[in-house]
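The report below goes through selected local features of one protein model, from a helix and its surroundings to charged pairs, loops and backbone geometry. Please keep the sequence and the structure in view while reading.

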Amino acid sequence: MIVFDRTCGTFTLHTRSTTYQMKADQYGVLLHTYYGPRVGEGDLSGLIQYADRGFSPNPSEAHPRRDYSLDTLPQEYSTCGVGDYRLSSVQVEQPDGSQALDLRYAGYEIRRGKYALPGLPAFRGEDGETLSISLRDPGSGVEAELLYGVFEDYDLITRAVQIVNRGEEPVKLQRVMSLCLDFLPLDLDLITFNGAHVRERWPDRAPIRPGVQGVGSSRGMSSHQHNPFVMICEHDTGEDHGVCYGAALLYSGDFEAMAERSQFGDIRLVMGLVQLQWTLEPGEVFAAPEAALVCSPSGFGQMSRQLHRAVRERLVRDPCQGGRRPVLINNWEATYFDFNKEKLLDIARAAAPLGIELLVMDDGWFGVRDSDTSGLGDWTVNEKKLPGGLGELVSEVRRLGMRFGLWVEPEMISEDSELYRAHPDWALGVPGRPGSRGRGQLTLDFSRKDVREHVYAALRKVLDSAEVSYLKWDMNRCLTDVWSAALPPRRQGETRHRYVLGVYEMLENLRRDYPHMLVEGCAGGGGRFDLGMLYYTPQIWCSDNTDAIDRLRIQYGTSFCYPACCMGAHVSAVPNEQTGRVTPLETRGVAAMSGAFGYEMDVGKCGEAEKAVIRTQVETFKTHYRLIQEGGYYRLTDPFADPELTAWAHVAPDGREALVSIVTGSGHAAPRFRLLRLKGLDPDAVYRINGGAELCRGSVLMNAGWPVPPLRGDYQSLQLHLEAE
């Protein structure tokens, strides 16, 4: 609900549990007055205090007041060069070379339905509302339209910004933040999600100290190293108590998320685009990506469940909506590049009787591709490996009762390829410099329309040759040597953002032309795991690390923002490729089942006992599919704080059904007894556990706990299915 109070000039955004308020003051500065747990009506600008602060200058229209300074006020969208020395939301180079920008309130509009952004991902829904606030710089023709989307039932507020050049000369945008959020002086923590390839999204929590701290990426992708989702919370906030805020950027390229504690203790969080160098011609509009905000008065768990539900229902566009995504098997770790038609069919023949429903053919099926040094860009079927082409293979797979999926890496090119020999200028590269390679490959210039059109036409020819139900879109290197042969020197700084827009355009075209095909995103696993990609790809390969024990930590960190249905998670062979660890097959299944489930191994090499375990895992996943994919997610333990017992639960919305998963660490003699407190249940209901005779009341399970039986051996697991009588 959006309310404009004409009496006091406040804009108040109410969701079910939160309130967000701003106000244009007497000088036209748009002040941020409050965001937090829901409060009643009224003007909250009385929370702001004024004082004469040395070396904090005063705007000319406030003269002779010395207690009014942009450097000390909480603002909705901070500017630069006019007296606020804290983090700026936007930085513009004016035609005269100056960088001063002073945005003042110029009007508003409230309308039904959620705004959309041209060429960019965004939450959607006619049940939302939009607030548009116009800010204008009186010294130039630059305007900013601040967009707010309100989803009351989801406790979700979205923000976006469009910069308009109303002047007569070009201006250059150097940074545009989608989100600026000011907090009055509080002691708060910043939580970021960091790591590396095969070690993504580990949470890191630290007090917000004086100065600037935060994360970002300059890799051309949202990155394995730092995720574009952060949290701010009170010092004592935990899973089930305390106020916390979550902020996520719907973008898959370079970004920055920074928090600053100023000299007077107030805190500012900004999130958006940096390193832009975008030339904005007269009359043009630049749309910045959307940011999503949630606030929970009851800890991290509630915040995650709020965001998960909104992502599932208002962001992800699932071609299987109303149905079930298939359980798949991918041949990569089973064969790598060394496969042919018969090897693939042997895997399918072994998988089909186990209930596995889709065979994915990974890297190596196209061009001359027997290693990762050649072939990328030549999207034609290698008929030496696949006689008769893709159609024959798919037909035989479908006769086994399975569907078929395909791996592609459209953004990349090998120097040893027909495409590179014909069009070397289609790869990103600075003239006169040797450049660098990642995984032995270069990057195609997806900022160019002609490049996108050629690659898309080649992909369409392949996809139209057979019935492909699933496509894995991979990206296996960061951007370097970013220079486009299609742009003049003054516009080279636009290449990175244009590249991301090009990727989004390609993915949107795939959705348009193949509406029933499931697309999974991937960037060496989790290098582009962000809400922007989830708008186009309903699931993303969570990590190239398939070790079940490492995955517990990766999936734990991922779960703070992203729902289980989005996390691609597979059972792989042991010893694990990344860690060398040997983990029981049952445990590998329990870990992978809390995501988009599948296998990454040759199940034909399994013995009958292992096949029986796999069959049971597949049946369990299918039986509890709705509960796992759409139920509330509860983190019952922290695997970083207690690696000896990792537990989580998927709980039905009414609390009357739950699937609890438990994984232990390394075994020890004389283990201590453990009680596991469950969450999300109906306290008055009586539950039957795993269909047996054991009955337990919900209040007992949540407050007293459930006794975990001792499990002998390393990395053991068990699952509890609870149903209310």
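Helix H9 (residues 548-558) is largely enclosed by the rest of the structure, because nine of its 11 residues are buried. Buried here means under 20% relative accessible area, exposed means over 50%, and partly exposed lies in between, with a 1.4 Å probe and protein chains only. The buried residues of H9 are Ala548, Ile549, Arg551, Leu552, Ile554, Gln555, Tyr556, Gly557 and Thr558. Helices (H or I, at least four residues) and strands (E, at least two) are DSSP runs, numbered from the N terminus.

The model is a predicted one, in which local features need pLDDT of at least 70 and side-chain atom pairs count only at pLDDT 80 or more, while totals for chains, interfaces and linings use all residues. Residues are numbered from 1 along each chain as its sequence is written, and side-chain values use heavy atoms, with hydrogens and water left out.

**Charged side chains**

Side chains of opposite charge can pair when their charged atoms come close. With a salt bridge taken as a side-chain nitrogen of Lys or Arg within 4 Å of a carboxyl oxygen of Asp or Glu, the count comes to 59 salt bridges. Three of these pairs are set out in the table.

| Acidic residue | Basic residue | N to O distance |
|---|---|---|
| Glu143 | Arg136 | 2.9 Å |
| Glu396 | Lys341 | 2.9 Å |
| Asp416 | Arg421 | 3.2 Å |

The pair of Glu396 and Lys341 links distant parts of the chain, with Glu396 in helix H4 (residues 389-399) and Lys341 in helix H3 (residues 341-351), 55 residues apart. Glu396 is partly exposed, at a relative accessible area of 23%, whereas Lys341 is buried, at 10%. In the pair of Glu143 and Arg136, Glu143 is buried with a relative accessible area of 14%, and Arg136 is partly exposed with 40%. Asp416, the acidic partner of Arg421, counts as partly exposed at 42% relative accessibility. Beyond these pairs, a network of salt bridges links Asp84, Arg86, Asp182, Asp266 and Arg268.

Glu93, Asp96, Glu168 and Glu169 form a negative surface patch. Patches are made of residues with over 30% relative accessible area and no salt bridge, like charges being joined within 9 Å and nonpolar side chains (Val, Leu, Ile, Met, Phe, Trp, Tyr) within 5 Å. Lys and Arg count as positive and Asp and Glu as negative, with His and the chain ends not counted; the place of a charge is taken as NZ of Lys, CZ of Arg, CG of Asp or CD of Glu. The accessible areas come from the Shrake-Rupley method with a 1.4 Å probe, and for residues only the protein chains shown count as cover. Within this patch, Asp96 is placed in the loop between strand S5 (90-93) and strand S6 (104-112), and Asp96 is exposed, with a relative accessible area of 64%.

**Contacts across the sequence**

What does Cys8 touch, leaving aside its neighbours within four places in sequence? Cys8 is in contact with Lys23 and Asp43, contact meaning heavy atoms within 4.5 Å. Cys8 lies in the loop between strand S1 (2-5) and strand S2 (10-14), and its C-alpha atom is separated by 8.3 Å from that of Lys23, 15 residues apart along the chain.

Gln302, in helix H1 (residues 299-314), is partly exposed with a relative accessible area of 21%. Not counting residues up to four places away in sequence, Gln302 touches Glu239, Ser296 and Pro297; Gln302 and Asp240 are 62 residues apart in sequence and 7.3 Å apart in space, C-alpha to C-alpha.

Thr72 is placed in the loop between strand S4 (30-37) and S5, where, leaving aside neighbours within four places in sequence, Thr72 is in contact with Arg53, Ser56, Arg86 and Phe264.

**Backbone geometry**

The loop between S4 and S5 also holds Pro64, and the peptide bond from His63 to Pro64 is cis, with omega near 15°. A cis peptide bond also joins Val574 and Pro575, with omega about -5°; Pro575 is in the loop between strand S29 (567-572) and helix H10 (585-592).

Phe55, likewise in the loop between S4 and S5, has a phi near 65°, a positive value in a residue other than glycine, and counts as exposed at 87% relative accessibility. Val198 has a positive phi of about 65° although it is not a glycine; Val198 is found in the loop between strand S11 (188-196) and strand S12 (199-207) and counts as partly exposed at 26% relative accessibility.
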